Amino acid sequence: MTWLKLTKQALYLMKGGSAQYIDKVDLTAISDKESKLHIPLKWFQVSDSDAPSGLVVAFESASEPEKLEIPSDGFDAAGVLNRVISTRDWGARGPRTQFGMTTPRYIVIHHTFSLTASGNQSESAAKTLARNIQNFHMDNNGWSDSGHNFLNTTGGFTLEGRHGTLGNIKNGLCVRSAHAPGANDSPGIENEGDFRTAAMGATQWNSLVDLCAAICKSCSIDPNNIKGHRDFVATECPGDWLYGQLPKLRNEVRNNLG
Ligand SMILES: [Zn+2]
């Protein structure tokens, strides 16, 4: 997302786009002469047919509408990471050990396959799912904590996985994890769902793009290094459909970062 400074007299029109987007245009006066227009950049990058195709800003004193250039260098990585629900906020169990810090090289994409919130897209369902996955990893797999670093739910909520992930990612680092042998120095993102054949919804897809872009920016990871679990070990994860979307994911992350 980004901020554009406009005069207080500016009027704006979305070109296309349904109310779900237009309602989120946020024009805030910051002085008698200026207002800020809040525009999530991803509106113009999603394939959703409801998304607006552009923005026209008209000034009351001008005879012709003025075309607005959408800047592409303002990706708010800190804002995305600050929206990640921390282990404390979803009520995680304490880890059995402390995890060493790593310098991440990749982002590894997974799907949760059978562990889901059964279509419940609420924030409380997202937190319950995070607890269920942690219990599975600790009690069934015998691991010290959640194996992954992030969970991205169908409702578009992002949650910290392994303890220490979020603070380290904000500092360009990660913690040693347990999601992909050969890439456990790098953050793994579990995406709620079974993506062998099913497609991901737009809300979850957009939060995945934002999260990947934020990690790439914070940790200086090239979007080309967004990989699937199966790139490291013999597994169907993250499912044929999602694996087939990785080129698109890399492109959208690159676009987000400008
Ligand atoms: Zn996996």
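This report describes the central sheet, the zinc site, the nonpolar cores and one helix of a predicted model.

**The sheet and its helices**

Five strands form an open sheet in the order S10-S9-S12-S8-S13, and their pairing is mixed. Because S10 and S13 stand at the edges with a single partner strand each, one side of each of these two strands is left without a neighbour in the sheet. On average, and with direction ignored, neighbouring strands are turned by 25° against each other. Helix H6 (residues 202-219) packs on this sheet, where it touches S8, S9, S10, S12 and S13, and its direction makes about 175° with that of S12. Helix H8 (residues 246-257) lies across S8 and S13 and runs at about 160° to S13.

Strand S8 pairs on both sides in the parallel sense, with four bridges to S12 (residues 188-191) and three bridges to S13. The bridge partners named for its residues are listed below.

| Residue of S8 | Partner | Strand of the partner |
|---|---|---|
| Val108 | Gly188 | S12 |
| Val108 | Lys227 | S13 |
| His110 | Glu190 | S12 |

Five of the five residues of S8 are buried, so the strand is largely enclosed by the rest of the structure. In a regular strand the side chains alternate between the two faces of the sheet. In S8, Ile107, Ile109 and His111 point one way, whereas Val108 and His110 point the other way.

**The zinc site**

His110 of this strand is also one of the protein donors of the zinc ion, which are His110 through ND1, His229 through ND1 and Cys237 through SG, at 2.0 to 2.2 Å from the ion. Along the chain these donors follow the spacing H-x118-H-x7-C. The pair of His110 and Cys237 links distant parts of the chain, since His110 belongs to S8 (residues 107-111) while Cys237 sits in the loop between S13 (226-228) and helix H7 (240-244), 127 residues apart. With the limit for a buried residue set at under 20% relative accessible area, His110 is buried because its value is 2%, and Cys237 likewise counts as buried because its value is 6%.

**The nonpolar cores**

In soluble globular proteins, nonpolar side chains tend to be buried together. The largest nonpolar core here has 30 residues, of which Ile107, Ile109, Ile189, Cys212, Ile215 and Leu249 touch the most other members. Two or more residues each come from helix H2 (77-82), S8, helix H5 (165-170), H6 and H8, and the largest share, ten residues, is contributed by H6. Once neighbours within four places in sequence are left aside, Ile215 is in contact with Ile107, Phe150, Ile169, Pro187, Ile189, Ser220 and Ile221. A second, separate core holds eight residues, among them Trp90, Ala130, Ile133 and Leu151.

**Helix H4**

Ala130 and Ile133 also appear among the buried residues of H4, which are Ala125, Ala126, Leu129, Ala130, Ile133, Gln134, His137 and Met138. These buried residues pack against helix H3 (87-90), strand S9 (150-152) and strand S10 (158-160). How far apart are the end C-alpha atoms of H4? They are 25 Å apart, which agrees with the 26 Å that the 18 residues of this helix (residues 123-140) should span at 1.5 Å a residue. The helix is followed by Gly142, whose phi is positive, near 75°.

Terms used:
Residues numbered from 1 in each chain as written. Predicted model: local features only at pLDDT ≥ 70, side-chain atom pairs only at ≥ 80, totals over all residues. Heavy atoms only, no water. Expected span 1.5 Å × (residues − 1). Buried < 20%, exposed > 50% of the residue type's maximum accessible area, 1.4 Å probe, protein only. Contact = heavy atoms within 4.5 Å. Donors = N, O, S within 2.8 Å, 3.2 Å for Na, K, Ca; no water. Pairing = 2+ DSSP bridges. Axes fitted to C-alpha atoms, helices over the stretch in contact; angles between N-to-C directions. Core = buried A, V, L, I, M, F, W, Y, C linked by side-chain atoms within 4.5 Å.
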